[in-house]
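Grab a coffee and open the viewer. Here are a few exercises to work through, each with its solution.

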Amino acid sequence: MKLALLELVRRPGRFATAAVILTLIAVLLMFLGGLLDGLISSSTNAIKAQSGDVIVYSESSQASFLRSRIDPELRSTVESVPGVESTGGIGIVQLGARIPGNGPRDLASVALFGYEIPPNGVPDIPADGEVWADEVLKADGVRDGMELLLGPARSPVTVIGFVKDTTFNGQGSLWASPATWRSVLADNRPDAQLADGVFQALIVVGDADPAAIAADIDATTEDATESFTVPEAVKAIPGVEEQQGVFNQIIGVTVVIALVVIALFFALLTVERTSLYGVLKALGAMSRTIFLGLVAQATVVTLVAGVIAAGLVLILDAIIPPGAIPLDVSASRIITSIVLLLVAAVVGCSFSLRRVLRVDPASAIGTGS
Amino acid sequence: MSNTNAATATVTGTALELTDVRKVYTLGDGSEVVALADASLTLTSDEMIALVGPSGSGKTTLCSIAGGILSATSGSIVVGGEDISGHSAKELTKFRQEKVGFVFQSVNLVPFLTARENLLVVDELGRRTGGPARERADQLLEELGLADRAKNLPSQLSGGQRQRVAIGRALMNDPALVLFDEPTSALDTHLGEQVMELIRQEMKTRGIAAIVVTHDERITHYCDRSVHIVDGYLQS
């Protein structure tokens, strides 16, 4: 082990090729992971931010706000379920927003929410005609005090402040009173307009296990509702699982590529060192010692590559303008990527184990080279 | 480091005792090749012999068996008082760490280690005594005239200096027996003679037995006697 680490220190150039390739792979892995996290966050933040325990949609809505309707009668039924402390209506309409100073065709995509229970990080319900805007809309030119015109009906709303991490379906959110939302919905989507008291979904605050409350609600309404805990509701958003699946497959293939690179590199290194290993074995080195040395080298090279890659991705994250691409670089993603690469390094190295075991110490004697 | 091994050899008076050692290889078609035929050889505790023979005669096989890196098909092998005839691979590894020294034909120092570290490799792979090993390495380098080269890498040493480092490495574990595989083949005549003189002096001073495998009849006079081997048969 000590020998292997000394070789790393004394002959770093020998490992430079592997380190560079692994750094690029690690950057790719962290970047892909960051994109996945960013995409998922931009699609689901508004739901993740909900301060309630359960989200209730109407039957057959498949967790889609647009397909769901909760009328006052159904709401009363939900409120009668034991464990339900309070409920708050919520609704959404997704529109293009005209922003002062931008061109007439330069619309920003927004998701206007009407809410009764403020999500985490969102202040109390604003006055009618006013909205809290998600800060990602700043990239589109939205500023505090600005009047935005929403949809084909050009419904005016005034921005009175900004909130963080509440995007939905990749769009910046606007948080308004139920009356404002209902009015904008009616003006711009007449086919989807809802009567007073009717919401698309309910946020339920409970005093028991959320999963149990969700099940009780659906049982009490005789399946007129589809209730989800907040994490379940995040996963149930159409497209989220598909996005995760695709990205995770790409990440998996990248890890396999890293494994193959490490396996090939250390297999070549082992072949190159066969005579040296023969000498070391003749001097009393055990195969285990030699193999652990290889693993130590692969681990250190991968760790160094991972740390350099983490630095590069953090720099990339800092220089990419906010809102340009949905990149979310987190410590957990970086650590996960490095751990995956380390596992790949150890597994990749293990392909050289057989070759190390087969090195015959007798090969050190009787050979001139 | 103590002189335990050498002491054991001195008490018994015998460093190596091969009795009817036979090594047979079975080929893929089932036929057998006798690499070493009932070889018997005894070396006293500070005896130095030249093992001479043409290529393929069995020199390497004999050395490998005496050094515990190859198991014999039959026969008895006792080195420094330890019977290794029935040793497992793990026991042979431990035996090599403690009882024998090797100087290989192409020297084969670890290229990224200094002269001193190349000596300490033996301790690193074996007992890991730390301080005593460092003291012994320094002492050996001093005795071999390499004290001022201790921090040099093999690439910074001449052929003769590398050979001396290899000799120092072979002596690190205070062996009962040192096996020299063509120690002068990579050196010119003058340097070869110097190295053989040094080997003889070191072996005799320390009371360590040695087998010097060689093609070169000119260096055999540095040894106490020559043993010839032809087609696996020893001819004293």
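The exercises below go from whole chains to helix pairs and then to the interface, and they all concern a predicted model.

**Exercise 1. Describe the overall build of chain B.**

Step 1: count the elements. Chain B has seven helices and ten strands.

Step 2: check the radius of gyration. For chain B it comes out at 17 Å, close to the 18 Å that the globule rule gives for 236 residues, so chain B is as compact as a globular protein of that length.

Step 3: look at the box. Along the principal axes, the C-alpha atoms of chain B fill roughly 55 × 35 × 35 Å.

Step 4: look inside. Of the 236 residues in chain B, 49% are buried. Take the contacts in chain B between residues at least 6 apart in sequence: 73% of them join residues at least 24 apart.

**Exercise 2. Now do the same for chain A, and compare its radius of gyration with that of a compact globule.**

Step 1: the element count for chain A is eleven helices and nine strands.

Step 2: a compact globule of 369 residues would have a radius of gyration near 21 Å, but the value for chain A is 29 Å.

Step 3: the C-alpha trace of chain A spans about 95 × 50 × 30 Å along its principal axes.

Step 4: buried residues account for 43% of the 369 in chain A. Among chain A contacts between residues at least 6 apart in sequence, 84% link residues at least 24 apart.

**Exercise 3. Work out how helix 2 and helix 10 of chain A are arranged.**

Step 1: what do you need to describe the pair? Two packed helices are described by the angle between their axes and the distance between the axes.

Step 2: get those two values. The axes of helix 2 (residues 16-48) and helix 10 (residues 331-350) of chain A come within 9 Å, and they cross at roughly 140°.

Step 3: classify the angle. That value makes helix 2 of chain A oblique to helix 10 of chain A, since the roughly antiparallel label needs an angle over 145 degrees.

Step 4: find the hand. Helix 2 of chain A passes helix 10 of chain A in a right-handed crossing.

Step 5: list the residues. Helix 2 of chain A brings A:Leu22, A:Ala26, A:Leu29, A:Met30, A:Gly33, A:Gly34 and A:Asp37, while helix 10 of chain A brings A:Arg333, A:Ile334, A:Thr336, A:Ser337, A:Leu340 and A:Leu341. By class, this contact has seven nonpolar, four polar and two charged residues.

**Exercise 4. Repeat the analysis for helix 6 and helix 7 of chain B.**

Step 1: helix 6 (residues 159-171) and helix 7 (residues 189-206) of chain B have axes that come within 10 Å and cross at roughly 20°.

Step 2: the two helices of chain B, 6 and 7, are therefore roughly parallel to each other.

Step 3: helix 6 of chain B passes helix 7 of chain B in a right-handed crossing.

Step 4: residues making the contact include B:Gly159, B:Gly160 and B:Ile167 of helix 6 of chain B, and B:Leu191, B:Val195 and B:Leu198 of helix 7 of chain B. The contact splits into six nonpolar, four polar and two charged residues.

**Exercise 5. Say what chain B puts into its contact with chain A.**

Step 1: the contact takes 23 residues from chain B and 24 residues from chain A.

Step 2: on the chain B side, helix 2 (59-66), helix 3 (89-99) and helix 4 (115-125) each supply at least two residues. Helix 4 of chain B gives the largest share, four residues.

Step 3: sorted by class, the side of chain B that touches chain A holds eleven nonpolar, nine polar and three charged residues.

Conventions:
Residues numbered from 1 in each chain as written. Chains lettered and ligands numbered in written order. Predicted model: local features only at pLDDT ≥ 70, side-chain atom pairs only at ≥ 80, totals over all residues. Axes fitted to C-alpha atoms, helices over the stretch in contact; angles between N-to-C directions. Parallel < 35°, antiparallel > 145°, perpendicular 65-115°, else oblique. Left-handed = near helix turned anticlockwise from the far one by under 90°. Contact = placed C-beta atoms within 7 Å. Nonpolar A, V, L, I, M, F, W, Y, C, P; charged D, E, K, R; others polar. Rg over C-alpha atoms; globule rule 2.2 N^0.38 Å. Buried ≥ 20, exposed ≤ 12 C-beta atoms within 10 Å, placed from the backbone.
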